[in-house]
Structure formats: C-alpha cells, structure tokens
Amino acid sequence: MQEKRTYHNPVQRGFFPDPSVIRVGDDFYMVNSSFQYFPAIPISHSKDMVHWHIIGHAITNPDWLDLSDIRDSHGIWAPDIEYADGKFYIYAALRLNGDGTRGNDVLRR
C-alpha cells in the first residue's frame, strides 16, 4: 500500500516574509525580506520545499548596509534570487525613512 504524503505549508514558518524561491538542480533556495533587522536577507535551502534551513545571509557586514535608525517595516523589502552562469544573484529594494518632501515619506534605492 502506498502512503499518502501530505504537508501543511511548503514555506518556512515564522518571520520569513516575501519569499522568493528558485530551483537549481535538486535544490531549492529562498530569500526573504528582513526589513530593519540585521544580518540582512536570510538565505534558506531545501531539498523538498517542506524542510528549510537557513544557510546564511546576503548581507553580513554592517559596513555594507547601515540600518541604524530605520523605522519599523522599512529597510530591505522583497528580495529576489536568481541563478545564472554558475552564480547566484540577489536583488532587493531598500526603503529608507522619508523626509516628508515627497508627500508619502517613502525613499527607495
């Protein structure tokens, strides 16, 4: 008799918003928003999209990204991961605190 395999959620539990997932061979890699928290952009690995493990962060040196005084929910937003020619690339928006001159208090880089 063949056992039915079920799972409740193929994405990581906890604080892992805005997932971007790619498959490279038999492996899956995921990056998530980290907002004002550091180290920035957690990178997770899975073989089955059910069991995930953090294998590192995209930005680990605070000299590369100053997140001091960043408001809640600002900072790193919705990173994207891709793989090309043997290299991984991660792109993300950096939302900074606005100065009020644009009417919506949003600055992005």
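**A walk through the loop between β2 and β3**

The backbone nitrogen of Ala78 lies 2.6 Å from a polar atom belonging to the side chain of Ser33, and this contact offers a convenient place to enter the structure, which is a predicted model. Ser33 itself is situated in the loop between β2 and β3, and with a relative accessible area of 1% it is buried, since the cut-off for that class is under 20%. The side chain of Ser33 is also joined to the side chain of Asp18 by a polar contact of 2.5 Å. When neighbours within four places in sequence are left aside, the residues in contact with Ser33 are Pro17, Asp18, Pro42, Ile76, Trp77, Ala78 and Pro79, so that both polar partners, Asp18 and Ala78, appear in this list as well.

Ser34 belongs to the loop between β2 and β3 too, and at a relative accessible area of 5% Ser34 is likewise buried. A polar atom of the Ser34 side chain lies 2.9 Å from the backbone nitrogen of Ile41. Beyond the four places on either side in sequence, Ser34 is in contact with Pro39, Ala40, Ile41, Pro42 and Ile76. Pro42 and Ile76 are thus contacts of Ser34, and they are found among the contacts of Ser33 as well.

Further along the loop between β2 (27-31) and β3 (40-46) comes Gln36, whose relative accessibility of 15% places it in the buried class. Which residue does the side chain of Gln36 meet in a polar contact of 2.9 Å? The partner is Asp72, and the contact joins the side chains of the two residues. Not counting residues up to four places away in sequence, Gln36 touches Leu67, Ile70, Arg71, Asp72, Ser73, His74 and Gly75. Of these, Ser73 can be described by its backbone separation from Gln36: the two residues stand 37 residues apart along the chain, while their C-alpha atoms are separated by 6.7 Å.

From these polar and packing contacts the description can pass to the aromatic rings. The structure holds 4 aromatic pairs, one of which is formed by Phe15 and Tyr37 in an edge-to-face arrangement, with 5.9 Å from centre to centre and 85° between the planes. Because Phe15 lies in the segment before β1 (20-24) and Tyr37 in the loop between β2 and β3, this pair ties together parts that are 22 residues apart in sequence. Both rings belong to partly exposed residues, Phe15 having a relative accessible area of 48% and Tyr37 one of 46%.

Another of the pairs brings together Tyr29 and Phe88, whose ring centres are 5.0 Å apart and whose planes meet at 65°, so the pair is edge-to-face. Here Tyr29 lies in strand β2 and Phe88 in strand β6 (residues 87-97), and the pair therefore ties together parts that are 59 residues apart in sequence. Tyr29 counts as buried at 17% relative accessibility, whereas Phe88, at 39%, counts as partly exposed. Returning to the loop between β2 and β3, one finds that Tyr37 also takes part in an aromatic cluster, which is formed by Phe15, Phe35 and Tyr37.

Strand β6, which holds Phe88, leads on to the pairing of strands. Strand β5 (residues 75-84) and β6 run antiparallel and are joined by 8 bridges; within this pairing, Asp80 has Tyr91 in β6 as its bridge partner. How many residues separate the two strands of this hairpin? There are 2 residues between β5 and β6, and Asp85 in the turn has a positive phi of about 50°.

It remains to set these details within the whole chain. The secondary structure comes to 7 strands and 0 helices, so that from the N terminus on the elements run β-β-β-β-β-β-β. Of the 109 residues of the protein chain, 34% count as buried, and Ser33, Ser34, Gln36 and Tyr29 are among them. As for contacts with a separation of 6 or more, 36% are made by residues 24 or more positions apart. Finally, the accessible surface of the protein chain comes to about 7700 Å², and 49% of that surface belongs to carbon and sulfur atoms.

Note on methods. Residues are numbered from 1 along each chain as its sequence is written. This is a predicted model: local features need pLDDT of at least 70, side-chain atom pairs count only at pLDDT 80 or more; totals for chains, interfaces and linings use all residues. Side-chain values use heavy atoms; hydrogens and water are left out. Helices (H or I, at least four residues) and strands (E, at least two) are DSSP runs, numbered from the N terminus. Buried means under 20% relative accessible area, exposed over 50%, partly exposed in between (1.4 Å probe, protein chains only). Contact means heavy atoms within 4.5 Å. A polar contact is a pair of N or O atoms within 3.5 Å; within protein, one must be able to donate a hydrogen and the other to accept it, and residues adjacent in sequence count only if both atoms are side-chain atoms. Rings of Phe, Tyr and Trp (its six-membered ring) pair if their centres lie within 6.5 Å; planes under 30 degrees apart count as stacked, over 60 as edge-to-face and the rest as tilted. Accessible areas come from the Shrake-Rupley method with a 1.4 Å probe; for residues, only the protein chains shown count as cover. Two strands pair if DSSP finds at least two bridges between them.
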